[in-house]
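Here are my notes on the model you sent over. Have it open while you read.

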Amino acid sequence: MQESVNGATALGEERAAVNVSASLVDLCVRELQLCGVHEGETVAVLSQGEERMDYASAFLVAAGRLGATTFHVRVADVSSSAGGEVGTWTVGSTPLAGNRPAIEALKQADLMVDTIFLLFSAEQREIQESGTRILLCMEPVDNLARMFPTADLRRRVEAGQEILSAAQQLRFTNPAGTDITYKLGAYPVMTQYGYTDTPGRWDHWPSGFVFTGGADDGVDGKVVIAPGDILLPFKDYAREPIELTVEHGRIVDIRGGVEAALFNDYMESFDDPDAYGISHIGWGLMKEARWSGLATDRRSIQMEVRSFYGNVLFSTGPNGELGGSNETACHLDVPMRGCSVYLDDEPVLVDGDVVVEAMR
Ligand SMILES: [Fe+2]
């Protein structure tokens with residue numbers, strides 16, 4: 001009797017596993033359709049070690065269903081800290097570095113699915129520059145489904161791109177005392193809406209925000225991270241204010257209590273003056289993403305809390321992604337609530353709410 005019960009359970013689990021992978025393939029088919037994958041294209045998947053083999057398989061099957069030629073580049077596991085619960089989240093160094101044959105192969109693809117995290121690396125830039133579009137995918141499957149991209153999200157993010165591109169200056173404030181100004185125009189405005197059908201363009205499924213960078217010496221003021229704002233990669237909500245003074249695009253002072261000390265110690269650990277630079281600035285527009293997402297789910301790299309509607313995503317460190325020269329491995333993303341954003345003194349966000357109709 002016991003045996004047959006166990007047997008039935010094992011069979012049930014096996015069926016459930018088949019269903020999960022079948023639904024992941026279906027999800028990948030829909031995603032690759034949004035990415036414009038069609039018959040005659042080549043789709044490559046990049047993975048490392050044993051990580052996300054189920055994702056790699058699902059994308060290969062999905063791309064094949066759409067008539068694409070597919071291949072898989074799998075390199076040795078170098079770092080899993082981007083998606084894991086432990087480790088310093090360093091950016092820019094990847095297991096593709098120096099691997100000429102793999103890089104050349106990936107440049108042959110029309111679309112490359114990255115399951116490692118190549119962002120901020122020279123290898124990613126080279127592959128993009130060859131015209132290959134890149135889709136990063138490493139979040140848990142249920143998040144891929146729940147925050148599945150839409151044409152409406154793209155429309156609203158691109159509306160944000162248009163108004164941000166036209167501005168000379170971005171200023172943002174919050175009730176905790178933030179008041180900082182970014183001189184714009186030095187760097188392009190970039191979008192993330194969760195899929196990419198444009199040659200050479202990168203995106204991350206799931207995500208939904210628009211961003212740019214201030215001139216290297218053109219960011220000045222104060223950022224006061226307020227309780228409830230989110231510290232990444234710490235994967236934690238701030239419980240007390242952290243006050244950052246920024247002069248000429250560099251953090252020159254960090255004040256507050258124990259969380260400010262933690263912030264400071266983390267930056268110091270890189271022993272790199274470029275760690276104190278200012279990285280991308282923008283705001284989130286995804287309505288399915290929740291501020292509270294991190295409270296119950298600490299998996300992966302937290303695109304949900306970077307994307308939630310009305311957050312200002314303040315960040316420090318590298319700006320190679322935007323075409324800048326800061327290549328530090330120290331990158332902090334800080335989604336902030338309740339902020340107001342002004343572009344050339346015109347309000348875009350007021351107290352954390354989007355006030356431009358085309359983005360609502
Ligand atoms: Fe970032």
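The points below go from the overall fold to the contact between the domains.

1. First, a reminder that we're looking at a predicted model. So much for the caveat; on to the fold. I count 9 helices and 20 strands in the protein.

2. How does the radius of gyration sit against what a compact globule would have? With 360 residues, such a globule would come out near 21 Å, and the protein has 21 Å, so the two agree. Along the principal axes, the C-alpha atoms fill a box of roughly 65 × 50 × 45 Å.

3. On packing, 45% of the 360 residues count as buried. Taking contacts with a separation of 6 or more, 68% of them come from residues 24 or more positions apart.

4. The domain assignment splits the protein into domain 1 (2–138) and domain 2 (149–359). Their C-alpha centres lie 27 Å apart.

5. Now the place where the domains touch. Here 24 residues of domain 1 are in contact with 22 residues of domain 2. Which elements of domain 1 supply at least two residues each to that side? They are α1 (2–34), α4 (122–129) and β4 (133–136). Of these, β4 gives the most, with 4 residues.

6. As for the chemistry, the side of domain 1 that touches domain 2 is made up of 12 nonpolar, 8 polar and 4 charged residues. If you want a figure for the contact, the size of an interface is often given as the accessible area lost when the parts come together.

Terms used. Residues numbered from 1 in each chain as written. Predicted model: local features only at pLDDT ≥ 70, side-chain atom pairs only at ≥ 80, totals over all residues. Rg over C-alpha atoms; globule rule 2.2 N^0.38 Å. Buried ≥ 20, exposed ≤ 12 C-beta atoms within 10 Å, placed from the backbone. Contact = placed C-beta atoms within 7 Å. Domains from an automatic or database assignment. Nonpolar A, V, L, I, M, F, W, Y, C, P; charged D, E, K, R; others polar.
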